Amino acid sequence: MRNPRVAVRNPRVSVHKPRVTVRKPRVGVRKPRVSVVYGVGMQSASVTHVVTSDDTARALGSGDLDVLATPRLLAWLEEATCAALDLPAERTSVGTRVELEHLAASPVGAEVIAAAHVIHTDGRLVRFQVVAQDSGGTLLATGEVRRVVVDRERFLSRIRPVGD
């Protein structure tokens, strides 16, 4: 594993402190933007949940068995990725890509630990390795989640209400 205090791939981006960069304008494109590249806070985080009947494939419509549904497992893994980011109030992150292998079933009542660890940053892009296991240590899922850091107000201002 790389030292989190060392710049990752792109020497302009470090994961231990905020840095300001100015992007060069492309021909025919608006003036250059100043973007703040935020360091990734905790580097890793985990969340723990107990599977309930509301979390099952039957309840979520992703199957007809009373076991942990893949969509709920993914939501818990994304919750862990959000917990691993330490962003100022005006920033948030949005998911852009998910690769997930759901390897084992979990019954109602099982305790599931969903964990995320930062494996790469490049500007606003943050890639996480995600893993889920039960309290007995059985590997339930593994994969990668990509998120992009955005300005909260600017992002929401670009979304048009339905019917407009």
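This briefing covers the confidence, fold, core, salt bridges and surface of one protein chain.

The model is predicted: local features need pLDDT of at least 70, side-chain atom pairs count only at pLDDT 80 or more, and totals for chains, interfaces and linings use all residues. Residues are numbered from 1 along each chain as its sequence is written, and side-chain values use heavy atoms, with hydrogens and water left out. The protein chain has three helices and seven strands (DSSP runs numbered from the N terminus, with helices being H or I of at least four residues and strands E of at least two).

**Confidence**

- The average pLDDT of the protein chain is 83, and 74% of the residues score at least 70 (pLDDT is the predictor's confidence in each residue, from 0 to 100).
- Residues 1-26 stay under 50 in pLDDT, and the model has 50 contacts for them beyond four places in sequence (a contact means heavy atoms within 4.5 Å).
- The pLDDT is also below 50 over residues 28-38, a stretch with 30 contacts in the model beyond near neighbours in sequence.
- Where pLDDT is low, the predicted coordinates should not be read in detail.

**Fold and totals**

- The order of elements from the N terminus is β-β-β-α-α-β-β-β-β-α.
- Of the contacts between residues at least 6 apart in sequence, 58% join residues at least 24 apart.
- Buried residues account for 31% of the 164 residues in the protein chain (buried means under 20% relative accessible area, exposed over 50% and partly exposed in between, with a 1.4 Å probe and protein chains only).
- About 10200 Å² of the protein chain is exposed, and carbon and sulfur atoms supply 51% of this area (accessible areas come from the Shrake-Rupley method with a 1.4 Å probe, and for residues only the protein chains shown count as cover).

**Nonpolar core**

- The largest nonpolar core has 23 residues, and those with the most contacts inside this core are Leu73, Val112, Phe128 and Ala132 (a nonpolar core is a set of buried Ala, Val, Leu, Ile, Met, Phe, Trp, Tyr and Cys residues joined through side-chain atoms within 4.5 Å).
- Strand 3, helix 2, strand 5 (111-122), strand 6 and strand 7 are the elements that give two or more residues to this core.
- Helix 2 gives the most, with five residues.
- Leaving aside neighbours within four places in sequence, Val112 is in contact with residues including Val47, Leu68, Leu73, Trp76, Ala132 and Leu140.

**Salt bridges**

- The count of salt bridges comes to six (a salt bridge is a side-chain nitrogen of Lys or Arg within 4 Å of a carboxyl oxygen of Asp or Glu).
- One of them joins the side chains of Asp55 and Arg72 at 2.7 Å, N to O.
- This pair links distant parts of the chain, 17 residues apart: Asp55 is in the loop between strand 3 (44-50) and helix 1 (57-60), and Arg72 is in helix 2 (residues 70-84).
- Asp55 is buried, because its relative accessible area is 7%, whereas Arg72 counts as partly exposed at 23% relative accessibility.
- Glu144 and Arg127 meet through their side chains in a salt bridge of 3.0 Å, N to O.
- This pair too links distant parts of the chain, with Glu144 in strand 7 (residues 139-151) and Arg127 in strand 6 (residues 125-134), 17 residues apart.
- The side chains of Arg146 and Glu144 form a salt bridge as well, at 3.1 Å, N to O.
- Arg127, Glu144 and Arg146 are thus linked in a network of salt bridges.
- Within this network, Glu144 is buried at 17% relative accessible area, while Arg127 is partly exposed at 21% and Arg146 is partly exposed at 25%.

**Surface patch**

- Phe155, Leu156 and Ile159 make a nonpolar surface patch of about 290 Å² (patches are made of residues with over 30% relative accessible area and no salt bridge, with like charges joined within 9 Å and nonpolar side chains, Val, Leu, Ile, Met, Phe, Trp and Tyr, within 5 Å).
- Leu156 lies in helix 3 (residues 152-157) and is exposed, because its relative accessible area is 54%.

**Loop residue Ser53**

- Ser53 is in the loop between strand 3 and helix 1 and counts as partly exposed at 48% relative accessibility.
- Not counting residues up to four places away in sequence, Ser53 touches Ala59 and Val108.
- The C-alpha atoms of Ser53 and Val108 are separated by 6.2 Å, although these residues are 55 residues apart along the chain.
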